[in-house]
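Good morning, and thank you for making time for this. I would like to walk you through one structure, going slowly and taking a few places in turn.

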Amino acid sequence: MHKEPLALLPEILLLFGAVVTLLAGSFLPRRRQWAARTGAAAALAASLTAAVVLAPGDDRTVYAGTYALDGATDAVRVIVPAAALTVLALASGRVRGDRRETEFCVLVLLGSLGAVLLAGASDLLLLAVAYLLASIPLYALAGWGRDARGAEAALKLYLLGVLLGITMLLGTAVLYGLGGATDYAALADGLPGAPRAALAVGTVALLAGPLFKAGAVPAHFWVPDAASGATVPAAAFLTTIPKIGALVALYRVLTVLPEQDLRWRVLLAVVAVATMTLGNLAAFAQRDPLRLLGYSTISQAGYLLMAVAVAGRAEALRSLLLYLAAYAVTNLGAFAVAAALPDSRTLEAYRGLGRRRPLLAAALTVCLLGLVGTPPTAVFMGKLTVFSATWDGGMAWLAAVAAVNTVASLFYYLRWIAPALSIRGPGPSPRDAGPSGGDGERQEGVAATAEPERWAAGTAVAAASATLVLGAGAGWVLGVLSDTLVR
């Protein structure tokens with residue numbers, strides 16, 4: 001049965017950390033909840049360390065072939081805890097002293113565990129369980145702030161998640177009936193020759209779940225509402241970490257499907273084009289920076305899906321993993337700037353930030369230009385490798401469409417960068433400003449003059465520095481990453 005508990009040490013540490021954090025927070029007084037947050041950070045650090053130590057091990061499956069230990073799982077085991085630690089850092093100012101501080105930390109740990117299990121699942125039943133574990137904590141995170149906008153975001157996220165989760169279970173049942181098994185190794189042998197119509201229905205239904213977690217079209221509706229309605233730390237988690245596990249899960253599942261019986265590459269390419277194009281077009285008119293980031297994450301999912309569309313081809317997996325790491329640190333850096341200035345709820349409110357807070361403005365500029373794919377940032381190297389893998393995989397047209405979308409995306413990122421780097425002072429104060437239009441239930445504020453939250457500001461600067469370092473060291477990272485999958 002290949003039962004190796006120590007092989008799952010990174011996952012066990014995340015689970016153990018969640019349990020200990022929950023128990024500790026239940027007995028600690030409100031003013032000492034920071035101890036539970038420290039314990040959660042320690043669990044994430046321990047999981048990250050264990051993942052690095054175990055990474056050089058042999059590629060194999062454990063527990064009757066249901067969980068894969070290979071290059072993809074090793075990479076996600078490192079990226080997810082590192083990203084979750086970043087979320088805890090940028091959330092420190094917001095959650096410190098809150099009576100639900102422990103709850104936030106536990107939800108981050110459980111959501112991270114679900115993302116890791118999604119990436120490593122090599123059995124449809126485990127994939128379904130991982131989907132639930134990666135989803136249920138997110139519903140609570142979206143509404144963690146206990147306000148009207150958070151409740152609305154949580155409700156939309158929950159309803160769509162449940163619907164697509166059931167759809168995913170339907171696809172699991174259909175593929176089980178066609179292949180006679182649920183583990184990927186047996187499915188790879190049993191699915192070829194299956195009726196094409198039934199295979200297509202089962203595949204589309206199964207992909208609904210991971211596409212929802214990735215925030216891709218047509219399961220993207222929750223993303224902008226969650227990004228703007230949830231608290232900023234929760235939004236950072238929701239739009240980053242689930243995407244990591246979901247895209248690797250998609251990649252792993254698609255390598256099992258018989259390409260000769262089902263043109264799934266074309267399907268994924270069409271979804272990628274729709275996702276990046278819709279995300280970019282919808283972001284053009286946004287005035288709320290968080291909602292803009294929400295649509296930005298949708299477009300990023302489209303670029304990431306390019307590597308999934310050429311799954312199994314040379315360099316596709318390594319380019320996907322590099323892009324995921326680059327996206328995680330860069331996206332979290334942008335959200336950290338928003339967390340540092342929580343009263344800046346319009347793009348205009350950032351006017352004059354560069355004059356008053358030059359480090360924060362520099363971090364924002366690096367992260368936003370990084371999301372475009374500007375050298376020498378990490379996302380540039382991620383996009384370059386993904387575009388190259390897509391071109392070499394026989395989808396030059398997809399790479400061309402993505403290049404056009406990348407150029408177009410520069411417009412809305414510059415709409416945020418321009419006021420931040422303006423030498424003019426900030427806009428009118430909320431007391432003097434009238435109601436704003438568009439996303440506007442909010443008003444312009446003197447955000448650039450406000451004292452930034454220290455932990456979030458420090459996280460933003462660190463993330464911006466990390467995206468430059470990762471971009472410079474991308475060649476070394478690609479050499480470390482493995483391009484092998486096991487089932």
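Let me begin with a single residue, Ala349, which counts as buried because its relative accessible area is 1%, and buried here means under 20%. Please keep in mind throughout that what you see is a predicted model. Ala349 sits in the loop that runs between H14 and helix H15, the latter covering residues 353-356. If you compare Ala349 with Leu15, the two are 334 residues apart in sequence, and their C-alpha atoms are 41 Å apart in space.

Ala349 also falls within a stretch that has an annotation, so let me turn to the record. UniProt, in an unreviewed entry, lists residues 121-407 as "domain: NADH:quinone oxidoreductase/Mrp antiporter transmembrane". In the model, that span is 76% helix and 0% strand, and the C-alpha atoms at its two ends lie 36 Å apart.

Next, the nonpolar core. The largest one has 164 residues, and those that touch the most other members are Phe104, Leu127, Leu305, Tyr350 and Leu368. Helix H14 provides the largest share of this core, with 20 residues.

Now to the open spaces. Which pocket is the largest, and what volume does it have? The largest pocket has a volume of about 750 Å³, and among its 31 lining residues, Ala75, Val78, Ile79, Ala325 and Val477 are the closest to its centre. Several helices give two or more residues to this lining, namely H2 (34-54), H3 (71-95), H14 (316-340), H19 (454-472) and H20 (474-480). The largest share, eight residues, comes from H3. Sorted by class, this lining has 23 nonpolar, six polar and two charged residues.

The second largest pocket has a volume of about 330 Å³, and of the 17 residues that line it, Arg94, Thr231, Val232, Pro342 and Arg345 lie nearest its centre. Two or more lining residues come from each of H3, helix H9 (222-229) and helix H10 (232-238), with H3 giving the most, three residues. Here the lining divides into six nonpolar, five polar and six charged residues.

Finally, let us look at charged pairs, since the structure holds 12 salt bridges. In one of them, the side chains of Arg77 and Glu11 meet at 3.0 Å, N to O. Arg77 lies in helix H3 and Glu11 in helix H1 (residues 9-27), so this pair ties together parts that are 66 residues apart in sequence. Are these two partners buried or exposed? Arg77 counts as buried at 3% relative accessibility, and Glu11 is buried as well, at 5%.

Arg94, which we met at the second largest pocket, forms a salt bridge with Asp98 at 3.8 Å, N to O. Asp98 is buried, with a relative accessible area of 16%, whereas Arg94 is partly exposed at 36%.

Another salt bridge joins the side chains of Arg351 and Glu348 at 2.3 Å, N to O. Arg351 is buried, with a relative accessible area of 13%, while Glu348 is partly exposed at 26%. There is also a network, in which salt bridges that share partners join Glu152, Lys156, Asp225 and Arg291.

That is where I will stop, and I am glad to return to any of these places with you.

Technical notes. Residues are numbered from 1 along each chain as its sequence is written. This is a predicted model: local features need pLDDT of at least 70, side-chain atom pairs count only at pLDDT 80 or more; totals for chains, interfaces and linings use all residues. Side-chain values use heavy atoms; hydrogens and water are left out. UniProt positions are given in the numbering used here, feature names are shortened, and annotations may be inferred rather than shown by experiment. Helices (H or I, at least four residues) and strands (E, at least two) are DSSP runs, numbered from the N terminus. On a 1 Å grid over the protein atoms alone, a cavity is a set of points where a 1.4 Å probe fits but cannot get out, and a pocket is an open set with protein on both sides within 12 Å along at least five of seven lines; lining residues have an atom within 4 Å of a point. Grid points are joined across faces, edges and corners, and a volume is the space filled by probe spheres set on the points. Ala, Val, Leu, Ile, Met, Phe, Trp, Tyr, Cys and Pro count as nonpolar, Asp, Glu, Lys and Arg as charged, and the others, Gly among them, as polar. Buried means under 20% relative accessible area, exposed over 50%, partly exposed in between (1.4 Å probe, protein chains only). A nonpolar core is a set of buried Ala, Val, Leu, Ile, Met, Phe, Trp, Tyr and Cys residues joined through side-chain atoms within 4.5 Å. A salt bridge is a side-chain nitrogen of Lys or Arg within 4 Å of a carboxyl oxygen of Asp or Glu.
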